[in-house]
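Hi everyone, thanks for making time. I'd like to walk you through one structure today, so let's put it up on the screen.

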Amino acid sequence: ESLYGTILVGVCECPNGILRKVVTDTSQFTKSDVSSALVNRAMKEMQEAARRIDDDIASGEQEIDGESLKRRAEAELGAWAQSNGGDRFAEDGDSGAD
């Protein structure tokens, strides 16, 4: 079984203000109904991560340069993977929770 998460953050510093869109996606391969419950929880948590990023951009707490957004998305994904699978999703012993 496997579970993948993607966060895409788009920000435009337009003449009429900052426009933003945060999109999430999860994909999975599951073999059981128990796994389906995990996937449903994972999708909800991914949407919550997107909302946190969007709220922080709106409040000015989140820098909107590409590198800052990349670090934030990676941090959210790391925490998400840790909460949904722990070390099973880690590479080379890295828990992804930096």
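Let's go straight to the largest nonpolar core, which has 14 residues in this predicted model. The members that touch the most others in that core are L3, I7, V22, I53 and W80. Strand 1, residues 2-14, helix 1, residues 33-59, and helix 2 each supply at least two of the core residues. Which element gives the largest share? That would be helix 1, with 7 residues.

Now zoom in on V22, please. You'll find V22 in strand 2, which covers residues 17-29. Is V22 buried or exposed? Its relative accessibility is 18%, and the cut-off for buried is under 20%, so V22 counts as buried. What does V22 touch, once we set aside residues up to four places away in sequence? The list is I7, L8, V9, A50, I53 and D54. Take I7 from that list: V22 and I7 sit 15 residues apart along the chain, and their C-alpha atoms are separated by 7.1 Å.

From V22 we can step across to I53, since the two are in contact. Again leaving out neighbours within four places in sequence, I53 is in contact with I7, V9 and V22, and also with R72 and E76. So I7 and V9 turn up in the contact lists of V22 and of I53.

That brings us to R72, a residue I'd like you to look at for a moment. R72 lies in helix 2, residues 66-85. Here we have an arginine with 15% relative accessibility; with buried meaning under 20%, R72 therefore counts as buried. Beyond residues up to four places away in sequence, R72 touches R52, I53, D56 and Q62.

Let's zoom back out to the whole chain. The chain has 2 helices and 2 strands, and starting at the N terminus the elements run β-β-α-α. How much of the chain is buried? Buried residues make up 27% of its 98 residues. As for the surface, the chain exposes about 6,500 Å², and carbon and sulfur atoms supply 48% of that.

One last number, on contacts. If we take the contacts between residues at least 6 apart in sequence, 54% of them join residues at least 24 apart.

That's my tour, from the core out to the chain. Thanks for listening, and I'm happy to rotate the view for anyone who wants another look.

How values were computed:
Residues numbered from 1 in each chain as written. Predicted model: local features only at pLDDT ≥ 70, side-chain atom pairs only at ≥ 80, totals over all residues. Heavy atoms only, no water. Helix = DSSP H or I, 4+ residues; strand = E, 2+ residues; numbered from the N terminus. Buried < 20%, exposed > 50% of the residue type's maximum accessible area, 1.4 Å probe, protein only. Contact = heavy atoms within 4.5 Å. Core = buried A, V, L, I, M, F, W, Y, C linked by side-chain atoms within 4.5 Å. Areas by Shrake-Rupley, 256 points an atom, 1.4 Å probe, with all protein chains shown as cover.
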